[in-house]
Amino acid sequence: MSGRLDGTTVIVTGASSGIGEATARALAAEGATVALLARRRERLEELATELPRASVHPVDVTDDDALHAAVAAVVEQHGGLDVLVNNAGFGSWGPAAEADVADWRTMIDVNLTGVLSTTHAALPHLATAAGGPRGVADVVTISSVAGRRVPSPESNVYAATKHGVGAFCEALRQEYAERHVRVGLVEPGLVASEMTTSGAQYAPDATSKGERGVLAPADIADAVVYIVTRPRHAAVNEMLVRPVEQVR
Ligand SMILES: NC(=O)c1ccc[n+]([C@@H]2O[C@H](COP(=O)([O-])OP(=O)(O)OC[C@H]3O[C@@H](n4cnc5c(N)ncnc54)[C@H](OP(=O)(O)O)[C@@H]3O)[C@@H](O)[C@H]2O)c1
């Protein structure tokens, strides 16, 4: 059976759980060869056994050298790079004065600098792919509702990182539009994942919601698949996806 992404190579960061894992599965189901990046090697190796041609690249997105080496290894192994999905993320919520500043730094390092570094490493290869037979390449970044508006005081630094990612992606879109590297942002509402079921104080809680109050990781994977399977002249630059009952 032929898929809409046959012949493409995709990197998914944070592919070891939640939205990243679901996105890797969904893109592979469309025929993409998926390179799985995250820190938990065993999780990636387990997932790779289920996805044809998938490769495993254990890497911390805050380690710039390791990240550039991982992207180079993907291109070497698979012969190019058509799509980057920036998904790896970390969340910590709470009143500002009670915060551990180390958590703030980690959010900035993973959610913002990690996205910048991964994109920086991937861009030359994406630009090359856009000049190839597919005629287009994609950077899709998983932001958040909190990247559009600040949903609560406790989302302070998390929201700041996601707003920052939105600004960077818009600049990137403007810079690469004529080179056919499409830049898309997906802004999920509440999704049931490790991030929202940890029981951490002040964290968004997906455990107490009914079916309509929470999204599944596969709902966000669907959005990513939609974006990267548009015809080459159409770019979906932003997609906000909430559970039907989510008010803010
Ligand atoms: N869940 C929600 O309600 C929600 C809503 C809006 C947006 N989002 C965003 O969606 C994205 C995915 O989150 P999720 O909900 O799927 O949560 P999750 O299950 O906790 O997934 C987070 C992923 O990021 C990876 N990661 C974290 N730090 C990393 C690092 N330093 N280097 C490499 N990988 C790292 C983790 O892998 P390792 O631990 O193996 O490294 C994991 O695969 C995040 O950007 C998050 O901000 C989530």
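**Helix packing and a buried strand in a predicted model**

Ala 35 is buried, with a relative accessible area of 0% (buried means under 20% relative accessible area, exposed over 50%, and partly exposed in between, using a 1.4 Å probe and protein chains only). The model is a predicted one, so local features are taken at pLDDT of at least 70 and side-chain atom pairs at pLDDT 80 or more, while totals for chains, interfaces and linings use all residues. Residues are numbered from 1 along each chain as its sequence is written, and side-chain values rest on heavy atoms, with hydrogens and water left out.

Ala 35 sits in strand E2 (helices are DSSP runs of H or I with at least four residues, strands are E runs of at least two, and both are numbered from the N terminus). Leaving out residues up to four places away in sequence, Ala 35 touches Val 10, Ile 11, Val 12, Ser 55, His 57 and Val 74 (contact means heavy atoms within 4.5 Å). Its C-alpha lies 9.6 Å from that of Leu 81, with the two positions 46 residues apart in sequence numbering. Strand E2 also holds Ala 38, which counts as buried at 9% relative accessibility. With residues up to four places away again set aside, Ala 38 touches Gly 14, Ala 15, Ser 16, Leu 44, His 57, Pro 58 and Val 59. Ala 99 is 61 residues from Ala 38 along the chain, and their C-alpha atoms are separated by 26 Å.

Next comes helix H2, residues 41–48, whose buried residues are Leu 44, Leu 47 and Ala 48. Looking down the axis of H2, these buried residues fall within an arc of 100°, so they line one face of the helix (the arc is that of the directions from the helix axis to the C-beta atoms). Glu 42 and Glu 46, on the other side of H2, are exposed. The cover over the buried residues of H2 includes H1, strand E2 (33–38) and strand E3 (55–58).

Helix H1 (residues 18–29) has a partner further along the chain: its axis and that of H6 (residues 217–228) come within 8 Å and cross at roughly 50° (axes are lines fitted to C-alpha atoms, for helices over the stretch in contact, and angles run from 0 to 180 degrees between N-to-C directions). That makes H1 oblique to H6 (angles under 35 degrees count as roughly parallel, over 145 as roughly antiparallel, 65 to 115 as roughly perpendicular and the rest as oblique). The crossing of H1 with H6 is right-handed (the near helix is turned clockwise from the far one by less than a right angle; anticlockwise would be left-handed). On the H1 side the contact uses Gly 18, Ile 19, Ala 22, Thr 23, Ala 26 and Leu 27, and these meet H6 residues including Ala 221 and Val 224. Sorted by class, this contact has eleven nonpolar, two polar and no charged residues (Ala, Val, Leu, Ile, Met, Phe, Trp, Tyr, Cys and Pro count as nonpolar, Asp, Glu, Lys and Arg as charged, and the others, Gly among them, as polar). Thr 23 of H1 is buried, at 1% relative accessibility. Beyond its neighbours within four places in sequence, Thr 23 is in contact with Val 12, Val 85, Ala 221 and Val 224.

Helix H4 takes part in two packings. With H3 (residues 64–78), H4 (residues 101–130) packs at an angle of about 35°, the axes being 10 Å apart. This crossing of H3 and H4 is right-handed. The H3 residues Asp 64, Leu 67, His 68, Val 71 and Val 75 meet H4 residues such as Gly 114, Ser 117 and His 125. In all, the residues of the H3 and H4 contact split into five nonpolar, six polar and one charged. With H5, the H4 axis comes within 8 Å and crosses at roughly 15°. That makes H4 roughly parallel to H5, again in a right-handed crossing. Among the residues making the contact are Trp 104, Met 107 and Leu 123 of H4, and Lys 162, Phe 168 and Tyr 176 of H5. By class, the H4 and H5 contact has 14 nonpolar, five polar and one charged.

Two loop residues deserve a word on backbone angles. Most residues other than glycine have a negative phi. His 180, however, has a positive phi of about 65°, in the loop between H5 (156–176) and strand E6 (181–188). Tyr 202 has a positive phi too, near 75°, in the loop between E6 and H6. His 180 counts as partly exposed at 35% relative accessibility, and Tyr 202 counts as partly exposed at 35%.
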